[in-house]
Amino acid sequence: MAPRKIIIDTDPGQDDAVAILLALASPEDITVLGITAVAGNVPLPLTQRNTRIVCELAGRPDMMVFAGCDAPMQRALVTAEHVHGKTGLDGPQMADPTMPLQDQHGVDFIIETLRREPSGTVTLCPIGPLTNIATAFEKAPDIIPRIHEIVLMGGAYFTVGNITPTAEFNIYVDPEAAKIVFGARVPLTVMPLDVTHQALTTRPRIDAFRAMGTKVGDMVAAWTDFFERFDMEKYGSEGAPLHDPCTIAYLIEPQLFKGRHVNIEIETQSELTMGMTVTDWWRVTDRPKNATFMNEIDAAGFYALLAGRLARL
Ligand code: BDR
Ligand code: CA
């Protein structure tokens with residue numbers, strides 16, 4: 001099968017960084033057309049910088065990186081330095097990137113790419129707040145039917161929330177954007193906390209990255225060492241969820257995941273449950289199914305895939 005053409009939309013974030021590395025390490029499965037940065041874990045000047053750092057680390061200074069939206073559609077930005085550190089990629093020492101940031105706005109790159117490529121051939125992989133994607137949909141609705149699939153990290157149902165008691169961070173930061181994306185009638189695959197909380201960075205898994213004896217292996221180990229401290233204390237778990245790479249792993253080995261095609265609606269009114277992904281898991285309504293909500297992962301298979309692919313870089 002020909003590699004799948006994707007655009008990664010991201011807010012690095014250590015787990016975003018691992019997702020980008022996994023995609024760039026997998027050219028037989030994935031062609032990354034470009035990467036758009038969005039404000040999320042940290043503000044946009046840092047997420048676009050971090051994206052370029054990761055591309056250089058992967059040996060891909062030729063990758064096109066674009067800055068997108070610097071704030072949610074209707075709200076003030078909420079960030080997550082308490083998890084990812086001041087830079088978003090805290091942990092190891094990292095030099096400033098030297099590869100360029102593209103002049104074009106990330107939203108315009110998404111629009112132009114979907115108009116240029118044959119219809120039905122481009123997959124979007126959003127792993128941050130959905131601001132860039134929803135803004136592109138509002139600006140150019142003609143691109144919506146041209147999308148092959150959206151595979152995103154966001155939301156939760158049985159695992160409920162990580163930034164509020166009922167909301168997952170990516171959806172909470174820009175619920176209006178999420179509502180637009182979930183309502184767009186595009187084939188949608190969702191990697192929620194229900195999946196990512198099964199993909200824990202246990203000690204042997206981090207040690208396997210370090211044992212690669214490569215710069216990438218050392219960086220990934222140092223990043224996971226950093227951000228897992230917060231999550232281990234919060235959840236009392238033996239490691240931290242490695243959220244965003246689940247999207248890329250799904251594109252490479254979909255059989256690692258199981259889920260259900262259901263209806264998911266986004267709460268945008270209630271202050272108490274703002275950004276909740278209201279998932280009709282038991283199919284108790286007749287609302288139209290709009291997404292495949294994953295709830296199982298073969299975590300050992302996922303980490304084996306990661307270790308095998310990252311060792312190539
Ligand atoms: C999501 O929020 C961010 O902190 C992570 O990068 C991930 O995309 C998990 O809730
Ligand atoms: Ca992210």
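**Calcium site, sheet, cores and salt bridges**

Biologist: Does Asp225 count as buried or exposed?
Modeller: This is a predicted model. Asp225 has 17% relative accessibility. The cut-off for buried is under 20%, so Asp225 counts as buried.

Biologist: Which side chain meets Asp225 in a salt bridge?
Modeller: The gap is 3.3 Å, N to O. Asp225 sits in helix H10, and its partner lies in helix H9 (residues 203-210), 22 residues apart. That partner counts as partly exposed at 39% relative accessibility. The partner is Arg203.

Biologist: How many residues apart in sequence are Asp96 and Arg49, which meet in a salt bridge?
Modeller: Their side chains meet at 3.0 Å, N to O. Asp96 lies in the loop between helix H3 (81-84) and helix H4 (106-116), whereas Arg49 belongs to helix H2 (residues 44-57). So the pair ties together parts of the chain whose separation in sequence is 47 residues.

Biologist: How far apart in sequence are Arg312 and Glu28?
Modeller: They form a salt bridge of 2.7 Å, N to O. Arg312 is in the segment after helix H12 (299-310), and Glu28 is in the loop between H1 and strand E2 (30-37). Both also belong to one network with Asp29 and Arg309, joined by shared partners. The separation of Arg312 and Glu28 is 284 residues.

Biologist: Which residues donate to the calcium ion (ligand 2)?
Modeller: The donor atoms lie 2.2 to 2.5 Å from the ion. The sequence spacing of the donor residues is D-x4-D-x110-I-x116-D. Two of the donor residues, Ile127 and Asp244, are buried. The donor residues are Asp11, Asp16, Ile127 and Asp244.

Biologist: Which strands stand at the edges of the sheet?
Modeller: Eight strands form an open sheet with mixed pairing, in the order E3-E2-E1-E4-E5-E6-E10-E7. Each edge strand has a single partner, so one side of each is left without a neighbour in the sheet. The edge strands are E3 (65-67) and E7 (257-262).

Biologist: Which residue in E10 is the bridge partner of Arg260?
Modeller: Strand E7 and strand E10 (residues 291-297) run antiparallel. Six bridges join them. In E10, the bridge partner of Arg260 is Phe293.

Biologist: Which helix gives the largest share of the largest nonpolar core?
Modeller: This core has 58 residues, and Trp223 is among those with the most contacts inside it. Contacts of Trp223 include Gln14, Ala17, Val18 and Leu21. The largest share of the core, eight residues, comes from helix H1.

Methods:
Residues are numbered from 1 along each chain as its sequence is written. Chains are lettered from A and ligands numbered from 1 in the order in which they are written. This is a predicted model: local features need pLDDT of at least 70, side-chain atom pairs count only at pLDDT 80 or more; totals for chains, interfaces and linings use all residues. Side-chain values use heavy atoms; hydrogens and water are left out. Donors are N, O and S atoms within 2.8 Å of the metal (3.2 Å for Na, K and Ca); water is not among the atoms, so sites may look incomplete. Buried means under 20% relative accessible area, exposed over 50%, partly exposed in between (1.4 Å probe, protein chains only). Two strands pair if DSSP finds at least two bridges between them. Helices (H or I, at least four residues) and strands (E, at least two) are DSSP runs, numbered from the N terminus. A nonpolar core is a set of buried Ala, Val, Leu, Ile, Met, Phe, Trp, Tyr and Cys residues joined through side-chain atoms within 4.5 Å. Contact means heavy atoms within 4.5 Å. A salt bridge is a side-chain nitrogen of Lys or Arg within 4 Å of a carboxyl oxygen of Asp or Glu. Lists of a residue's contacts leave out its neighbours within four places in sequence.
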